[in-house]
Amino acid sequence: LLGKELEEAVGIPLAWYGVLLHVGRSPAGMRPMNELVNATAFTSGGVTRLVDRMEQAGMVERRPCATDRRVQYVALTPAGWGMLRRATEIHLQGIERHMVSRLEPEEVRQLDHLLARLVPSGDKEERLPI
């Protein structure tokens with residue numbers, strides 16, 4: 001349901017949003033391709049094809065690693081950053097509408113507490129400024 005709403009509202013599939021979000025949350029605004037493989041349910045070839053399509057759409061670009069020719073980074077383009085902001089707004093509205101609004105305030109507090117326990121305390125991943 002969330003994926004369908006996202007695609008209808010901004011024209012990207014949920015898998016693209018996941019990549020935009022993962023890359024956009026990185027401190028340097030880019031991630032090595034192998035991290036995308038580890039962060040998604042796709043194979044290495046699947047991530048390559050996904051990034052190829054996103055690159056053709058102007059959302060991301062590949063950048064070489066200065067110290068290791070085997071490593072390629074994926075970075076958001078200005079269009080990718082704009083899409084990430086729009087898609088995040090739509091996605092959060094959907095989460096609120098389809099999930100959070102069905103809970104009582106105390107249940108939301110409990111859920112927030114439980115989910116916070118799943119994030120490692122040393123997680124220094126930056127949050128998006130949106």
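Two strands count as paired if DSSP finds at least two bridges between them. Keep that in mind for the strands on this tour, which goes through a predicted model.

**The whole chain**

Start with everything shown as a cartoon. You should find 6 helices and 3 strands in the protein. Going from the N terminus, the elements run α-α-β-α-α-β-β-α-α. Turn the C-alpha trace around and you are looking at something that spans about 50 × 35 × 25 Å along its principal axes. Of the 130 residues, 32% count as buried. If you switch on the surface, the protein exposes about 8500 Å², and carbon and sulfur atoms supply 55% of that. The fold also brings distant parts of the chain together: among contacts with a separation of 6 or more, 56% are between residues 24 or more positions apart.

**The sheet**

Next, select residues 60–64, which are β2, and 72–76, which are β3. These two strands pair in the antiparallel sense over 5 bridges. Want one pair to zoom in on? Click Val60 and you'll see that Leu76 in β3 stands opposite.

Now add residues 30–32, which make up β1. The 3 strands form an open sheet in the order β1-β3-β2, with antiparallel pairing. Why is one side of β1 and of β2 left without a neighbour in the sheet? Both strands stand at the edges and each has a single partner strand, so there is nothing in the sheet on the other side. Look along the sheet and you'll notice the strands aren't quite parallel lines: neighbours are turned by 30° against each other on average, direction ignored.

Add residues 14–24 to your selection. This is helix α2, which packs on the sheet and touches β1, β2 and β3. The direction of α2 makes about 100° with that of β3.

**Helix α4 and its buried side**

Move on to residues 44–56, helix α4. With 13 residues, α4 reaches 18 Å from its first C-alpha to its last, close to the 18 Å expected at 1.5 Å a residue. Show the side chains of Val47, Leu50, Val51 and Met54, and mark Gly46 too: these residues of α4 are buried. They cover an arc of only 130° around the axis, which puts them on the same side of α4. The general rule helps here: an α-helix has 3.6 residues a turn, so residues three or four places apart point the same way.

What do the buried residues of α4 pack against? Bring back α2, β2 and β3, and add α3 (33–39): those are the partners. Before you leave, step just past the end of α4 to Gly58, which takes a positive phi of about 80°.

**Two histidines in helix α5**

Last stop: select residues 78–98, helix α5, and pick out His91. Is His91 buried or exposed? Its relative accessibility is 14%, so His91 counts as buried. Leaving aside neighbours within four places in sequence, His91 is in contact with Leu2, Leu14 and Tyr17.

His98 is found in helix α5 as well. At 19% relative accessibility, His98 counts as buried, because the cut-off is under 20%. Apart from neighbours within four places in sequence, His98 is in contact with Leu1, Leu2 and Glu5. Finish by drawing a distance between the C-alpha atoms of His98 and Leu2: they are 96 residues apart along the chain, yet separated by 8.4 Å.

Definitions and conventions: Residues numbered from 1 in each chain as written. Predicted model: local features only at pLDDT ≥ 70, side-chain atom pairs only at ≥ 80, totals over all residues. Heavy atoms only, no water. Helix = DSSP H or I, 4+ residues; strand = E, 2+ residues; numbered from the N terminus. Axes fitted to C-alpha atoms, helices over the stretch in contact; angles between N-to-C directions. Contact = heavy atoms within 4.5 Å. Buried < 20%, exposed > 50% of the residue type's maximum accessible area, 1.4 Å probe, protein only. Expected span 1.5 Å × (residues − 1). Arc of directions from axis to C-beta. Areas by Shrake-Rupley, 256 points an atom, 1.4 Å probe, with all protein chains shown as cover.
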